[in-house]
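Me: Please take a close look at one part of this structure, a pocket, and describe what surrounds it. I would then like to know how the description connects with the rest of the chain.

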Amino acid sequence: MDVNGLRARMTSSVRARFDETWRRAFYPDVESVLPSLGSPSRFEAGHARQLEKCGVAAKASGPGTWTSVPFTVLEEKDGSLRQRFILWTLDGNRAAEAAGYEASVPLAHVSRYFGAIHEECGTTRDFRTGFYAIEIPKAVRHLFRFTADDGSWWELNRLPMGHACAPELMHTLAAVSAGHPDFVLPELVEDSVVVHVWIDNIRYAGAKQDVLAATRRLDQTAADCSLTWKEADSRTASRRYEFIGVDWRHGVSQVSPSSKLRKKLVSTRHELSSSSLSAGEIETLGGRLLHASAIAGVFPGSFWFALKFMRRITNSLNRGTRMPAERVSLSPCIRSSLQTWIDAVMKPRVVPKKIPTPSITAFVDASKKGWGGVLVDSRTAEVTILGALWSVEDSRLHINVLEAMAFERVVKSIPDTFAGGRIDVVVDNTTVQGVARKGFSLRDSNLNNSVVSGLARVRALNCALSVRWVRSEGNPADLPSRVPLSSLTPGSVASVTQAVMDFFTGGGVDGR
């Protein structure tokens with residue numbers, strides 16, 4: 001990879017950040033971190049020789065300034081298993097952290113990429129060698145030495161996946177090669193297509209002729225900067241392909257888990273017929289289900305007990321009180337819940353088009369006295385005030401739970417006439433805001449169930465949803481949450497209406 005050629009395409013701010021990250025990766029302050037104590041290596045010498053054969057590593061005369069930890073992980077690729085080499089540059093990562101390095105890789109939630117499904121088609125590119133396309137400067141390769149089980153020493157000459165700076169360097173170079181508007185000079189921006197980059201994966205989406213033209217320019221950049229793509233990459237604009245673990249189907253605006261993810265979930269579903277799984281398998285299943293749920297639009301909070309169970313197992317692994325291979329018994333209830341969850345995420349999801357303005361804005365608030373809501377019809381500017389007092393039993397609940405119950409009541413009060421539109425919910429409670437965005441909460445089942453119930457109403461209306469935060473003093477629903485509706489005076493109603501006007505004119509808006 002011609003790093004300098006790509007660097008010349010960067011904006012000044014991107015180039016400055018890239019250069020800083022490059023220095024953190026390859027020219028650290030070696031005196032800032034004491035070398036870690038070494039330990040006998042179990043990395044097979046045969047693997048090291050294979051790395052040498054591939055041009056990734058070379059024999060070294062002995063230990064370098066620091067020692068890194070080599071290992072391999074087993075992964076599935078194209079229907080078969082393979083080993084992936086990772087060099088964990090423990091001391092190099094500590095030096096980067098000591099220098100104040102914090103990764104800046106703009107990877108968004110998977111749903112943020114869904115808008116491109118409404119384009120005519122798309123195409124993808126994936127770097128053939130990924131991180132190994134970036135060469136380590138010869139003068140600093142002694143910082144990337146490791147030992148094998150026969151005592152031999154080796155040094156890496158390509159960027160290792162285990163370095164803290166590696167993802168940012170790779171993502172930046174991939175985004176530059178793709179002509180991403182946030183990374184390249186204005187004259188090099190690919191503005192005729194939607195450009196998405198995920199570390200070393202690239203996706204273009206748009207009209208067929210625009211996608212094909214952008215792809216030709218990308219291939220020309222690859223030729224100019226010595227980039228190579230995987231042979232399996234799409235060479236034409238396609239209505240169906242896979243990217244970031246998602247099966248994209250343009251034309252019908254559908255997304256679903258990728259074939260690899262589906263295969264793994266189906267395999268696990270069959271294994272659930274037994275009475276146990278290993279702790280490691282449970283942890284892996286949890287991650288896959290959360291990702292698949294985000295794709296399929298399934299609320300994880302609908303499977304609260306299964307989610308709570310998997311979190312408990314994961315926490316025990318993190319604490320070291322349980323080993324990954326240890327078998328964990330599954331109750332019939334947990335097995336059934338996990339099987340139902342897997343079935344739910346397998347269904348394709350139709351992605352609605354993004355509606356630029358809300359059809360209705362719903363303000364939500366709760367106090368220890370009651371709940372309040374204010375609905376504002378964007379079409380008619382009609383304001384509807386909602387609210388009621390809590391029962392004595394409910395009033396004893398935690399305020400976060402009461403806020404969640406208020407969210408449920410207000411959202412369920414939205415009439416069916418707003419179906420297919422966009423709902424903007426405004427709350428002054430960050431816990432409810434976060435749970436509504438994630439689709440679950442493990443802190444409290446009552447809080448979780450109330451928010452999920454409200455989200456289900458939004459789904460039944462086939463509405464897009466946004467949840468924003470406002471300061472309590474700027475929330476129009478504050479007053480009806482404290483005063484019974486029957487006790488609201490004309491002056492009180494006028495103050496609620498004024499609070500609504502202040503919000504929309506900027507007086508109460510917060511950017512969260």
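**The second largest pocket and its surroundings**

Reply: In this predicted model, the lining of the second largest pocket draws at least two residues from each of helix H8 (279-296), strand S14 (349-350), strand S18 (422-427), helix H12 (430-438), helix H13 (445-460) and strand S19 (464-469). Helices and strands are DSSP runs of at least four (H or I) and at least two (E) residues, numbered from the N terminus. The space in the second largest pocket comes to about 1,600 Å³. Its lining has 42 residues, and those closest to the centre are His109, Ser111, Arg112, Arg349 and Leu465. On a 1 Å grid over the protein atoms alone, a pocket is an open set of points with protein on both sides within 12 Å along at least five of seven lines, a cavity is a set where a 1.4 Å probe fits but cannot get out, and lining residues have an atom within 4 Å of a point. A volume is the space filled by probe spheres on the points, which are joined across faces, edges and corners.

Residues are numbered from 1 along each chain as its sequence is written. Local features need pLDDT of at least 70 and side-chain atom pairs 80 or more, whereas totals for chains, interfaces and linings use all residues, and side-chain values use heavy atoms, without hydrogens and water.

Two of the strands that contribute to the pocket lining, S18 and S19, are also joined by a salt bridge. Arg468 pairs with Asp424, with the closest N and O atoms 3.9 Å apart. This pair links distant parts of the chain, since Arg468 belongs to strand S19 and Asp424 to strand S18, 44 residues apart. A salt bridge here is a side-chain nitrogen of Lys or Arg within 4 Å of a carboxyl oxygen of Asp or Glu. The partners differ in burial: Arg468 is partly exposed at 26% relative accessible area, and Asp424 counts as buried at 3% (buried, under 20%; exposed, over 50%; partly exposed, in between; 1.4 Å probe, protein chains only).

The structure as a whole holds 20 salt bridges. One of them joins Asp343 to Arg269, with the closest N and O atoms 2.8 Å apart. Asp343 is part of helix H10 (residues 332-345) and Arg269 part of helix H7 (residues 259-271), so this pair ties together parts that are 74 residues apart in sequence. Asp343 has a relative accessible area of 35% and is partly exposed, as is Arg269 at 28%. Glu135 and Arg141 form a further salt bridge, again with a closest N to O distance of 2.8 Å; Glu135 is partly exposed at 41%, whereas Arg141 is buried at 11%. In addition, Arg240, Asp247 and Arg249 are linked in a salt-bridge network.

The enclosed space is a separate matter. A search of the whole structure finds one cavity of 30 Å³ or more, and the largest cavity holds about 50 Å³ of space. Its lining residues include Ala25, Pro28, Trp66, Leu143, Phe144 and His163. Also in the lining are Thr67, Ser68, Thr89, Leu90, Asp91 and Gly92. Helix H4 (residues 90-98) gives the most to this lining, with three residues.
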